[in-house]
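Notebook open, model loaded. I want to go through the chains, then some sheets, a hairpin and a helix pair.

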Amino acid sequence: MASFKPTKIPIYPKLGEKVTPDTLYWKNYKAPVQIKEFGAVTSIDFSPLAPHNYAVTASTRIHIYGPFSQEPVKTFTRFKDTAYSGKFRSDGQLLVAGCEDSVVRLFDVSGKVALRVFKGHTKGVHVTDFTSDCYHILTGSDDYTCRLWDIPNSTELTSYKEHTDYIRCGTTSKLNRDIFITGSYDHTLRVFDARVEKSVMTMDHSQPVESVLLYPSEGLLVSSGGRYVKVWDLLKGGQPLVSLKNHHKTVTCLGLSSNGQRLLSASLDRHVKIYNTTNYKVVHNFDYAASILSLALAPDDESIVVGMTNGVLSIKHRKSPEEKQEVAGKQRVRPVYRVFVKGRNYVPKKDDFFVSKPVKSHLAKYDKQLKRFNISKALDTALENRKPDITVAVMKELDRRGTLKNALAGRDEQNLSQLLNFLIGNVVDPRFTPVLVTATEMILDIYQAVVGQSSVVDRQLVRLQELVEREIDYQQDLLEVLGMLDTLFATSLPRKEVPCPGSSRPNGLIPTLSH
Amino acid sequence: MVEHAEIRMVRRGGSKINFREPVITNDSRFLLCAAGESVNVYSTSTEEFVHDLQGHTDLVTGVVLNPSNHLQVYSCSADGTVRLWDFMDGILIKTFIIGYPIYSIYVSEKHGGVVFVVVPMANYKSSELFQLVAVHLPRSGDQEVEARELSAVLCDVSPHPGAVSFGREGEYIAATKGLQLEVFFFKKQKSYRFSLKSGMKKGVKNAFTCVSCHPKEDCIATGHADGKIRLWRNFNQKKEYTYTTLHWHHGAVNTLCFTPEGTNLLSGGIESVLVHWHYTQENQKDFLPRLGAAITHIAVSPDGSLFCTSHSDNKITIIQSCVKVSAIIQGLVKGDGVWTDLIIDPRSKALVLNGKPGHLQFYSLHRDKQLYNLDIVQQEYINEEGLDQFEVVKAAFDARGDWLATVEERRKKGAELEINLKLWAYDKLTQSFVLNTTVTAPHEDRITGMFFSPSPETTMLVTTSLDDHFKAWLLADHSDTKGKLASYSEGFWSCDFVGGYHLLKPGCCSYSADGSLLAVGFQEVVTVWSPASWELLTTLSQPPGAIRDLCFGRLSCSKYLLGTSTKNQLCCWNLLTCSLEWSTPMDVSLLQADPLSENMAAFCSQSGSSDLFVFKPSEPRPLYSQKALCTGKVQHAVFAPRDQMLESCEERTQWLNRSQTSAQLTPLSRSLPQLLHTPAHVLPSASFLCAMFVRSLLVSRSSLCLVGWGTLLHSYFQVSPEMFDQVQVRAPAAPLKDIQRLVPKPILRFLGCVLRVVVLLQGEPSPQSENRL
């Protein structure tokens, strides 16, 4: 008596899921910790000092979180309106933040009340930063100006009014205390030198600029705005180097991994993309639940912190090596009955005789039904399964048994609409089409008599029809493209002399790596 | 040196063991079943073949235990005799000559000295009418007795052995035919007939298929073609008979059997489920599902402890205490066809061909035993008629037997062809093949040929298909991938090259002996490729006629490429000059190269029969030819290696096997089979026998080497597709001195190997009796 052979679920090749060192590296994060903030998280900044706390600016507050705490270790609430751009100084002692009420406040990280208040802007200040000598503050505002302030005297040093729209991003050079860069909604990026009255370099991003980033070497500048991320070569006078268009909504934030090898961009399309900075190809991609406004990486990529429009702060921590092992250990089989009887540390004695029991195979739910020839129930349980490949494999098995039609027949409105939903979702998937097309034909055959009795089913049938028509058009287009490519290849291939007459067929000599 | 040149035929087994109901002996130790022209005795505990009872000259059609002596057994045969055997010692006790071909035999304890047999009606010899006659066996001391005392019991019965059954203590006999049940009471000497209306519900007739009578009560169980079982009672009168109906089977009930105490009724059919009905509580039943193939017969041991079921895949299953399968006796499976060709597994030297649906069977030619079954499709087999099942259509081994490639195919009516290419790696630990790679839809159309490259450096597979392409598959090197894939040290197969030629359909392909050239036949054109660079080197063509078979020469003839075309041409091209060396008009249906020499075997069909030629491509004259080998066309053939001498084995059966093989050649050992056929107590002492036997082996071995190597075609099997019962070995021994001179002796001894050709024939007329049954 042979045992029941379970239904084979074919393994389909995963397209684009190549395992590269990058995917292994970026997948090695734990499940995200989520913290709800009071409003959209507009800025995140890591402290350069050892515990690497980070400041999260959301609504009218700035929270400072410890690296593993889910509660803020410190909160700054002395803002009259929405706060922006909470930034640490390079010694980690001071924190500066702009505000919608045009006042820039400077805090001691250990204190509560603002040490200095810089007044002078006439509109909200979205950009604040410390210069590299730690004595000055750069601010950029919606009043189209950017200013430099002196911390000890709390006075305004210079003001530049060259932008013609809101200044929403900016950064200071970490190598030169006088150089800073601002990006504005007037589509330009400007490089200023505090020793000079005017900007020294202007670059046209051709989209409202949302974020700028300087490479550690400060030879390259990255800007984002609209759907584009652009890289500029500052040493060649602001020459555009690359323009990347990998997001389908505005790119809001940029980041650089700690070793400077990977560039990260976050966008309103809820994705974070990671680029290789040598060839600017996307090497990995993170999905988030909502549009992303801010992004920051802890030193050594220990955590990725992302702030979203719905006020959720998502923190992903890197797995430690022990935890990695733990995951591998989880796949181990659970302790067997024998362990419970004899104890965990029981070691078989020398003359113990080991009796191996046949391993009981557990059948999946649909296999249990198939074993009993309950074909309709088998299909039902397979449909409950969320994985389409399993459902399709069960359909294929039923078709092989010659009972697919019986399994599809005799369904009520709810059951049928569930089935049609599945078909609409998967019938154009090339992996499933051969099986699902026969199933669809059978359904149409069976239920054509009752068309028009249920509005739900009718609507789904119409959708299915549209889907199939669109797919046919699409396939036709693809065939046309294929034909064009064939002619191109045929003309570009060198004609080869073959020793025997009548045996030159270049198409037959194209080595392919299909399958 | 053996001088005789004529071909001898020896039966080699491979017979159908599911032809008739098996019999379990009273002590439940042995199982007897009809197998071709002999009765095989198996052990029920070890499933090992014990010995066979040989003597019948035609198909054995029935085996029953002698009710008066439980150590004896009656067997009947289509040769018109009933023989009485002592099955423990394998001795023929008596032969009763009836004179008519016998189709089945029945005995009853009550009727001592009488056997009931089904024979054709005397008056209508040619027609399909049969009668049940009682034969009074004469009591005389002679070995052969003519039993002419026949008295007809029932006229017009079915020749099917399950259609007649003895009732309670032999008081009546029930027979079914068509829609009629006939019961004959011996006391009253009167018979009653009961008819059913031919219900044509859903196109299924309710004709009787089998009958079984309750051993203690007056009750007859009948099986029907529509899957119903009827229990008839009160049938000793014409009018007031009753019957109850049991229904579980959805196909026809093939067989029915009551347990000896009558408490249970067993039934089986195409569903391959043994159904166990409780006689007293009729709606209660137990099942033993998934027995492998349709059940054709059920037998119960006289003490009721063992059941055994015969299956349509030439298998007998022994079931202990209703629930546990304790032993499986498996013969050579004869599937619906041999699509894979005959292949020799380089490791086990077993013949590999289609077995059960979706399986490959490994069959040892030398031991007449199925070694194992490899499940290729790995799907639950649904026992139902009219389903399109996956079938293994192609199989190939690489030169060392490390890899097995299989192609399975399923063609639905009006739907796309489903093809899977699977590659199996040999696992030394489990001694079997493990699935390595599955390629779904490797080609868009049928695969016509599949070959491994013989070169030892690369493992490459080539498939040709009707979709105008051939593809080369290579074992991918996976040294660079890490992580999950690293656990597979073997790597996976992937496509390396896709080739085609003018949108012609490739029909066949062949590798040269060293794997440096690949010849692919595209209809009329032979293309020669270099597998290293995938360059088209040259094309050869010899119209008219599409290329049917391609074969490279080997060893000294490796510069030749042979091809056969559909327009009766055998061509030989010289690859150094790229020109035709010679061609001859021959209708070659099959061309095979000997893997160990440069010789080729060609099968030609001429005027309804097949001829065999063995030749060297470099020589114009054939080395060996055999005219009219068999009738019909040779479909498959393969060179099979001679098995190595086995280690000293003490099993008596093994001796017999060995001695029979060598008996064909050496004069000394010719006496051995007779020695071993006689009972043990009349034989000389074992030590004497053993020494003699060993000596015979030694002599035979050296002569085997010489003769065998020289003749190459030492013996071959001849198998008819209708029945594997007719497996024969022919041993021609025409020594060819030329080759002996060429090949040095040490090499011969080293190889120690003689080749056989295994031939599967089509169109061989089977014996008349078989046709009718």
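Before the helix pair, a reminder to myself: an axis here is a line fitted to C-alpha atoms, for helices over the stretch in contact, and angles run from 0 to 180 degrees between N-to-C directions. I also note that this is a predicted model.

**Entry 1: the helix pair in chain A**

I looked up helix H6 (residues 388-400) of chain A and helix H9 (residues 433-447) of chain A. Their axes come within 10 Å and cross at roughly 65°. Angles of 65 to 115 degrees count as roughly perpendicular, so that is the label H6(A) gets relative to H9(A). Which residues make the contact? From H6(A) I have Val392(A), Met395(A), Lys396(A) and Asp399(A), and from H9(A) Val435(A), Leu436(A), Ala439(A) and Met442(A). I also checked the hand of the crossing of H6(A) and H9(A): left-handed.

**Entry 2: chain A overall**

I stepped back for the totals. Chain A has ten helices and 28 strands. Of its 515 residues, 45% are buried. Its accessible surface is about 28,300 Å², and carbon and sulfur atoms own 54% of that. For contacts with a separation of 6 or more in chain A, I find that 45% are between residues 24 or more positions apart.

**Entry 3: a hairpin in chain A**

Next I went to strand S4 (residues 61-65) of chain A, which pairs with S5(A) in the antiparallel sense over four bridges. Six residues link S4(A) to S5(A) as a hairpin. For register, I noted that Ile62(A) sits opposite Phe76(A) of S5(A).

I then picked Val73(A), which belongs to strand S5 (residues 72-76) of chain A. What does Val73(A) touch, leaving aside its neighbours within four places in sequence? I get Asn53(A), Ile64(A), Tyr65(A) and Gly66(A). Asn53(A) is 20 residues away from Val73(A) along the chain, and I read 8.7 Å between their C-alpha atoms.

**Entry 4: an open sheet in chain A**

I followed an open sheet of four strands in chain A, in the order S10-S11-S12-S13, with antiparallel pairing. Strand S10 (125-130) and strand S13 (155-160) of chain A are the edge strands, each paired on one side only. Neighbouring strands in this sheet are turned by 20° against each other on average, direction ignored.

Inside the sheet I looked at strand S11 (residues 136-141) and strand S12 (residues 146-150) of chain A, which run antiparallel and are joined by five bridges. One partner I wrote down: Gly140(A) bridges to Cys146(A) in S12(A).

**Entry 5: chain B overall**

Over to chain B, where I find six helices and 58 strands. Of its 773 residues, 56% count as buried. I have about 32,300 Å² of accessible surface for chain B, with 52% belonging to carbon and sulfur atoms. Among contacts in chain B with a separation of 6 or more, 47% come from residues 24 or more positions apart.

**Entry 6: an open sheet in chain B**

I traced four strands of chain B that form an open sheet in the order S19-S20-S21-S22, with antiparallel pairing. Strand S19 (208-213) and strand S22 (242-247) of chain B each have a single partner strand, so one side of each lacks a neighbour in the sheet. On average, neighbouring strands in this sheet are turned by 25° against each other, direction ignored.

Last look: strand S21 (residues 228-233) of chain B pairs with S22(B) in the antiparallel sense over six bridges. There I noted Arg230(B) opposite Thr245(B) of S22(B).

Technical notes. Residues are numbered from 1 along each chain as its sequence is written. Chains are lettered from A and ligands numbered from 1 in the order in which they are written. This is a predicted model: local features need pLDDT of at least 70, side-chain atom pairs count only at pLDDT 80 or more; totals for chains, interfaces and linings use all residues. Side-chain values use heavy atoms; hydrogens and water are left out. Two strands pair if DSSP finds at least two bridges between them. Helices (H or I, at least four residues) and strands (E, at least two) are DSSP runs, numbered from the N terminus. Contact means heavy atoms within 4.5 Å. Buried means under 20% relative accessible area, exposed over 50%, partly exposed in between (1.4 Å probe, protein chains only). Accessible areas come from the Shrake-Rupley method with a 1.4 Å probe; for residues, only the protein chains shown count as cover. Angles under 35 degrees count as roughly parallel, over 145 as roughly antiparallel, 65 to 115 as roughly perpendicular and the rest as oblique. A crossing is left-handed if the near helix is turned anticlockwise from the far one by less than a right angle, and right-handed if clockwise.
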